[in-house]
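Trainee: Could you take me on a close look at a single buried spot in this model and its surroundings? I would like one connected walk-through, please.

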Amino acid sequence: MKTKNRDSTIREVRSSLSEGSLTLPGLVDYYLSRIRENAHLNAFIEVFSEEALAAANVIQEKIEQGTAGKLAGLVIGIKDNICYRDHRVAASSRMLDGFVSVYSSTVVERLLQEDAIIIGRLNCDEFAMGASNETSFYGPVLNAADTTRVPGGSSGGSAVAVQAGLCHAALGTDTGGSVRQPAAFCGIVGLKPTYGRVSRKGVIAYASSFDQVGPLTRSVEDAALILEVIAGPDPGDSTSSPREVPAYSQSLQQEGTRRIAYLKEALDSPGLDSGVRQCMEQQIARLRSEGHTVEGCDFPYLDYVVPTYYILSMAEASSNLARYDGVHYGYRSPLADSLESTYKKSRTEGFGEEVKRRIMLGTFVLSAGYYEAYYSKAQKVRRLIRDALSGLLANYDFILLPTTPTPAFRFGEKIDDPVVMYLGDIFTVQASLAGLPAISIPAGNHPDGLPVGMQLIGRKFGEADLLSFAHRIF
Amino acid sequence: MTETAYSKYEAVIGLEVHAQLSTFSKAFSTDPAAFGAKPNTQVNPVSLGHPGTLPVVNEKLLEYAIRMGLATQCHIRRENFFARKNYFYADLPKGYQITQDTTPICYGGHITITLKDGGKKKLRIHHIHMEEDAGKSMHDQDPDSTLVDLNRAGVPLIEIVSEPDIRSGEEAGLYLAEIRRILRYLEICDGNMEEGSMRCDANISVRLKGETKLGTRCEVKNLNSIRNVQRAIDFETRRQIDVLESGGTIGQHTLNFDPDSGQTSPLREKETANDYRYFPEPDMPPLQLSDAYIEGIRAALPLLPEEWERKLVNEYGLPPYDASVLTESKRMVLYFEALTKETDQFKAAANWLMGPVKSYLNEQGKGMADFPLKPASLAGLINLIEAGKLNYSVAAQTVFPALLEDPEVSPDVLIERLGVAIDSDTDQLTTYIEEVIARHPDKVKQYQNGKKGLIGLFMGEVMKLSKGKIDPKMANRMMAEKLEKA
């Protein structure tokens, strides 16, 4: 059973369940034992064991009666910043440790509606701020490919849970690469949908104009099916798009050759690890040999993407995290003795270093006298980057980039130098700034054996094309 | 300080009026916005600022703001953004207020006030913007703690910001009364300042007359009645002049007004400039308003008080004073209009509303909404007087109170039951008149010698004798005749 379901798609698991060669309670048991065996990876913050088993029994019956939903057979974990009614959600922060959500996010409601089983909540960087999972209040997640290395972040627990076979798939959130980068570090598939494709209702906000929920999976087909379920208009999120959701999982078999742009500045970047460059060159050669057009294009804004992203995301974060003030819910310092000290002490003690850094920088860039120089200018650059990318996508079907400049780095390697850490986002933040869909798929191994991810950026709401092409080449 | 010293100066006043909109649900969430519920019962996760919650604009907020903008001759912005105003306070669960910063939905309007001398003055409105209210901090409920009620958190508001065109407490009062009257006619805010559904902050500075530069202004916060706005402005104007005349300078302060002492005082010991770090609200995309949408709202606007006033003068022939009194309240003017469907005595109808009806409401502390008589009933009373079947003072003093006690009974039936209908028997009337004339031979002489005013005395006596059951017009005529001949 182990080998069988580890590499199966949801569709294949479903057919095994229908045939009776697999039972859903058995499958949940299997994942629960995998989670126990791999507790040292620290991927899960909490496992909903009994609940998952109870759901398995109910859905097993539905399968037998032919009334089960699209995702019956899917055992999925959710990142610890996605609200699930009557369940704890902490965004891996001391600030919300023990907090129970009184409502469910739209994505959770949609998963449950289609009979997915939510097996637990997954570790991540605190408030999704980080690229190594080292900022979690619950400790770092270990990369199963090499436990001395980080899994990436912020959806590190989501990536490792799928990588190590602790659940079939996971939901993460991607603000500047938080689904794609850990997927690349862990050798799995990670999709960030177009901004507005998936409702953000019930997703703890980091940077509202960037945040998107996305699946982390072992196959593109599973990513397509999960997106198909979680995507779509939501009256509870006014930034969600009213566009209809295509049946992504039914349109994966597209043919024909495609035009692909790679960014010259990216491949020539001095920060790009030579092993990663090699993987990209091999992929480009392979795509050409399969008849696709792959051309190098200029992208003069590469040096600006990281600062632009961080100015805007920190500005939004400084405001989004103001609600965690020790007054209404969440952590309150035992030393608080006035309103002001409640704020100061609770926030000082409740937030970790990286979160405080971003709140302070975000507060700074929005301050009178600095707003124009930072926030306004970054908004303008964001538009330039968006226009440049949509210009490229007018001529090409996809933009190809390495997902990350290096493979998974070691614990402690970057955590003390935030700028170095931030620069690691150089290839993921473009799509975030432009709100474009992007997918990271495994692109072979680095000479030292670590997984390398290749990223494809698609047109706005072009997930159907992006997924079918990724499915074809992965 | 002499009055001449004060008269060298003029006050320059701008008002910021917060009007709570009477929408069913809150500005950006679906929980009820109604006033008066038990504390913290109208709070869904959005109002509580729970993690992951998102604002979704209530379309009524837009519609109501546009109504007010159109009613005050504002331009309406087609592309609207919300902004976040960031600050920490216990009654602000999100740590920011959703408001509008640089792009208010309405801008560049005006209203007209009527001054005491009957003159008109146009007061400009700088802008009207949309925002959400904060919760309510209560500092006087518990000795050790401040209690917070979040029912109000997220209730929709519009802030109406005037240009600094106001020159006195009196003008400020007229401006507020007019703003409130418009809000009520539009039925978008109940305008109740005591309950806080309309609140006012006043920016006040003074300068020498003829000076064009503005002086340093002080802002008086949280004024809870029109009268207190006037008092605060009058006090603060004199205070500032006193400071300047004694050689001092005005510091820019936020002030509190104490209604008991009638004085203003600084709200905070130390003034620190707040940096609210406004930025565009990223949780809501820009709102595009189409011309058709705005024109639809314009077409559905009810008649505004000024339009009603014109209508009362032009269509019903009322004096402008009556028109302005009747239009103070929309229910009053609608009641008047209903009366005109039942009687052609328009002026008498106006008099009844401005006289007995208003006194009754004042005595009872009620509004027109609670007035028990149907228009047909009051009009019936008016018609009985006109037909000579009832005399006015009996109607006002006896029949009207009885009718209020028993609002369903028809006035015709009631005057019979009370026995106050005018006796049309002229013989009886002649008897009364002759009896009165016989009682006062000396007064009759005086009358005949030219003291015609004495007829009032004779009429009074006749009224008493008849217990009011006479037609005063006829009695007056007959009395005059008899007096001449006596």
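Mentor: Happy to. Let us start with B:I105, which counts as buried because its relative accessibility is 0%. Please keep in mind that this is a predicted model.

B:I105 sits in the loop that links β5 to β6 (106-114) of chain B. Setting aside residues up to four places away in sequence, B:I105 touches B:L62, B:A65, B:I66, B:H75, B:I76, B:R77 and B:N80, and also B:Q100, B:I128, B:H129, B:M130 and B:L289. For a sense of how the chain folds back here, take B:R78: 27 residues separate B:R78 from B:I105 in sequence, yet their C-alpha atoms are 7.8 Å apart in space.

Now follow the loop back to β5. This strand belongs to an open sheet of 3 strands in chain B, ordered β5-β4-β15, with antiparallel pairing. β5 (96-99) and β15 (279-280) of chain B are the edge strands; each has a single partner strand, so one side of each lacks a neighbour in the sheet. Between β4 (residues 83-86) and β5 of chain B there are 4 bridges, and the two strands run antiparallel. Within that pairing, B:A83 lies opposite B:T99 of β5(B). The other chain takes part here too: helix α11 (residues 302-320) of chain A packs on the sheet and touches β4, β5 and β15 of chain B. The direction of this helix makes about 60° with that of β4(B).

What about the cysteines, and how many disulfides are there over all chains? The count is 0. In chain B, B:C74 has its closest cysteine sulfur in B:C106, and at 5.3 Å the two sulfurs are too far apart for a bond, because a disulfide needs them within 2.5 Å. B:C74 is also buried, with a relative accessible area of 9%. In chain A, the sulfur of A:C186 has its closest cysteine sulfur 12 Å away, in A:C167, which is again too far for a bond. A:C186 is buried as well, at a relative accessible area of 4%.

Finally, a word on confidence, since chain A supplies the helix on that sheet. Chain A has a mean pLDDT of 96, and 99% of its residues reach 70 or more. Residues 1-5 of chain A, however, have a pLDDT below 50, and this stretch makes 9 contacts in the model beyond near neighbours in sequence. Where pLDDT is low, predicted coordinates should not be read in detail.

Technical notes. Residues are numbered from 1 along each chain as its sequence is written. Chains are lettered from A and ligands numbered from 1 in the order in which they are written. This is a predicted model: local features need pLDDT of at least 70, side-chain atom pairs count only at pLDDT 80 or more; totals for chains, interfaces and linings use all residues. Side-chain values use heavy atoms; hydrogens and water are left out. Two strands pair if DSSP finds at least two bridges between them. Contact means heavy atoms within 4.5 Å. Axes are lines fitted to C-alpha atoms, for helices over the stretch in contact, and angles run from 0 to 180 degrees between N-to-C directions. Buried means under 20% relative accessible area, exposed over 50%, partly exposed in between (1.4 Å probe, protein chains only). pLDDT is the predictor's confidence in each residue, from 0 to 100.
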